[in-house]
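Subject: Structure handover

Hello,

Here is the structure I promised you. My notes follow below it.

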Amino acid sequence: MTALVPRVRTTTEPVISLVIPFYNERDVLPECVTRLGRVMDGTGLPFEAVFVDDGGRDGGAEWLMAQCRGREWIRVVRLSRNFGKEAALTAGLDHARGDAVVVLDADLQDPPECIPAMIERWRAGADMVLMQRRSRGGETWLKRTSAHLFYRLLRRLSRSDIPADTGDFRLMSRRAVDAVRRLDERNRYMKGLFAWVGLPTEVLRYDREARFAGRSKWGYWRLVGLALEGITSFSVAPLRWAAAIGAVAALLGGGYGLWIIAKALLLGVMVRGYPSLTALITFLGGLQLLTVGIVGEYVGKVYLETKQRPIYLVRDVVDRASLRRESAPSRAAALEVPRADAG
């Protein structure tokens with residue numbers, strides 16, 4: 001068992017790190033940078049913003065790299081390809097240097113103006129400050145309803161206390177960040193990992209805004225996949241449900257078979273009706289395929305974990321200091337394999 005030991009910080013490091021994973025968000029990045037700079041300058045604290053480009057192709061990372069020359073607080077971590085938001089968020093946490101880390105989206109649905117209140121709660125002793133959605137601007141009724149039901153289902157199924165209506169928008173102390181970084185599974189549902197570490201937590205409520213610009217990259221099928229990832233990563237209840245459904249089906253089938261035999265022996269009634277038999281076989285076959293699929297989901301997770309591949313690969317990390325060094329040519333082209341020093 002490893003103790004959570006506070007890190008010793010030097011005076012030159014940022015107190016607050018902002019982690020912003022993004023993918024093809026070029027249209028919103030100028031406003032995001034402007035609002036982040038204005039809000040953080042108002043706190044009077046040294047800070048950095050770690051923008052993690054998850055393999056975007058719209059020039060957003062290049063625009064941010066150009067901004068590094070005039071804003072020393074911007075750092076750009078470019079991944080070698082698109083690894084998904086959970087991996088990009090992991091990369092941001094790995095590269096954040098602050099005593100507290102704020103995670104938020106680049107699309108400005110998570111308003112940066114909430115950050116000072118989060119910092120105040122952290123200074124009061126909270127290791128985790130969660131931002132719970134009071135309303136969800138710019139989203140359809142179907143998306144709001146499905147999200148509402150999913151969070152409550154996940155909370156009921158999971159042994160971890162995963163708060164309802166909370167996304168990735170939160171502040172974490174350095175102790176909490178280091179605890180999350182020790183969790184090296186490849187199938188990552190970050191909201192569940194954040195909840196798993198525990199530590200003193202406070203909840204603030206806010207109104208989620210509509211996207212400032214651009215379109216969401218999360219279609220319904222991707223959201224369904226994320227929901228399935230969350231449930232299977234933090235609960236074995238689906239496996240137990242599959243076993244229970246199989247047991248009930250077997251009991252019903254056995255009882256129906258005994259009833260048919262009894263009718264034939266005692267009353268001489270022969271059973272007719274092949275269509276009903278076909279429907280019953282089709283129904284049971286569907287249940288079998290469903291349960292095999294549930295089992296396969298868990299087996300697939302085990303398979304991916306045994307490969308022990310890196311969660312992500314970094315193409316490069318760019319800030320003002322690195323741009324100065326590169327004014328004399330030659331940029332290293334090797335891929336950085338992350339988390340070698342984790343734990």
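In strand β4 (residues 100-103), A100 stands opposite I16. Bear in mind that this is a predicted model. β4 is joined to β1 by four bridges, and the two strands run parallel.

β1 has another partner. Strand β2 (residues 47-53) also runs parallel to β1, with seven bridges joining them. Here I16 stands opposite F47. The connection is a right-handed β-α-β unit made by β1, α1 and β2.

How many residues of strand β1 are buried? Seven of the seven, residues 16-22, so the strand is largely enclosed by the rest of the structure. Side chains in a regular strand alternate between the two faces of the sheet. In β1 both faces are covered. I16, L18, I20 and F22 are buried on one side. S17, V19 and P21 are buried on the other.

The loop between β1 and α1 holds N24. Its phi is near 55°, a positive value in a residue other than glycine. Most residues other than glycine have a negative phi. N24 is partly exposed, at 23% relative accessible area.

L108 is another residue with a positive phi, about 70°, and it is not a glycine either. L108 sits in the loop between β4 and α4. Is L108 buried or exposed? With 1% relative accessibility, it counts as buried.

Next, the cores.

The largest nonpolar core has 43 residues. I16, L18, F51, V102, I115 and M118 have the most contacts inside it. Helix α1 (residues 29-43) gives the most to this core, with six residues. There is also a second, separate core of 18 residues, which includes L89, M128, A179 and L193. As a rule, nonpolar side chains in soluble globular proteins tend to be buried together.

M118 is worth a look in your viewer. Leaving aside neighbours within four places in sequence, M118 is in contact with V102, V129, M131, F169, R170, L171 and L204.

Helix α4 (residues 115-123) has four names to note: I115, M118, I119 and W122 are its buried residues. Why do they line one face of the helix? Seen down the axis of α4, they fall within an arc of 100°, so one face carries them. The general background is that an α-helix has 3.6 residues a turn, so residues three or four places apart point the same way. Just after α4, G125 takes a positive phi of about 120°.

V129 is in strand β5 (residues 128-136). Its relative accessibility is 0%, so V129 counts as buried. Not counting residues up to four places away in sequence, V129 touches M118, R121, W122, R170, L171, E202 and L204. V129 and R170 are 41 residues apart along the chain, yet their C-alpha atoms are separated by 5.5 Å.

Now the second core again, through L193. This residue lies in helix α7 (residues 190-196). L193 counts as buried, at 1% relative accessibility. L183 is ten residues away from L193 in sequence and 7.7 Å away in space, C-alpha to C-alpha.

A179, also listed in the second core, is one of the buried residues of helix α6. That helix, residues 174-181, is mostly covered. Seven of its eight residues are buried. They are R174, A176, V177, D178, A179, V180 and R181. Note that charged residues are on that list, R174, D178 and R181 among them.

Finally, the totals for the protein chain.

- Eleven helices and eight strands.
- 343 residues, of which buried residues make up 45%.
- About 18500 Å² exposed, with carbon and sulfur atoms supplying 60% of it.
- Of the contacts with a separation of 6 or more, 83% are between residues 24 or more positions apart.

Best wishes

Methods
Residues are numbered from 1 along each chain as its sequence is written. This is a predicted model: local features need pLDDT of at least 70, side-chain atom pairs count only at pLDDT 80 or more; totals for chains, interfaces and linings use all residues. Side-chain values use heavy atoms; hydrogens and water are left out. A nonpolar core is a set of buried Ala, Val, Leu, Ile, Met, Phe, Trp, Tyr and Cys residues joined through side-chain atoms within 4.5 Å. Buried means under 20% relative accessible area, exposed over 50%, partly exposed in between (1.4 Å probe, protein chains only). Contact means heavy atoms within 4.5 Å. The arc is that of the directions from the helix axis to the C-beta atoms. Accessible areas come from the Shrake-Rupley method with a 1.4 Å probe; for residues, only the protein chains shown count as cover. Two strands pair if DSSP finds at least two bridges between them. A crossover is right-handed if, with the strands pointing away from the viewer, the path from the first strand over the helix to the second runs clockwise.
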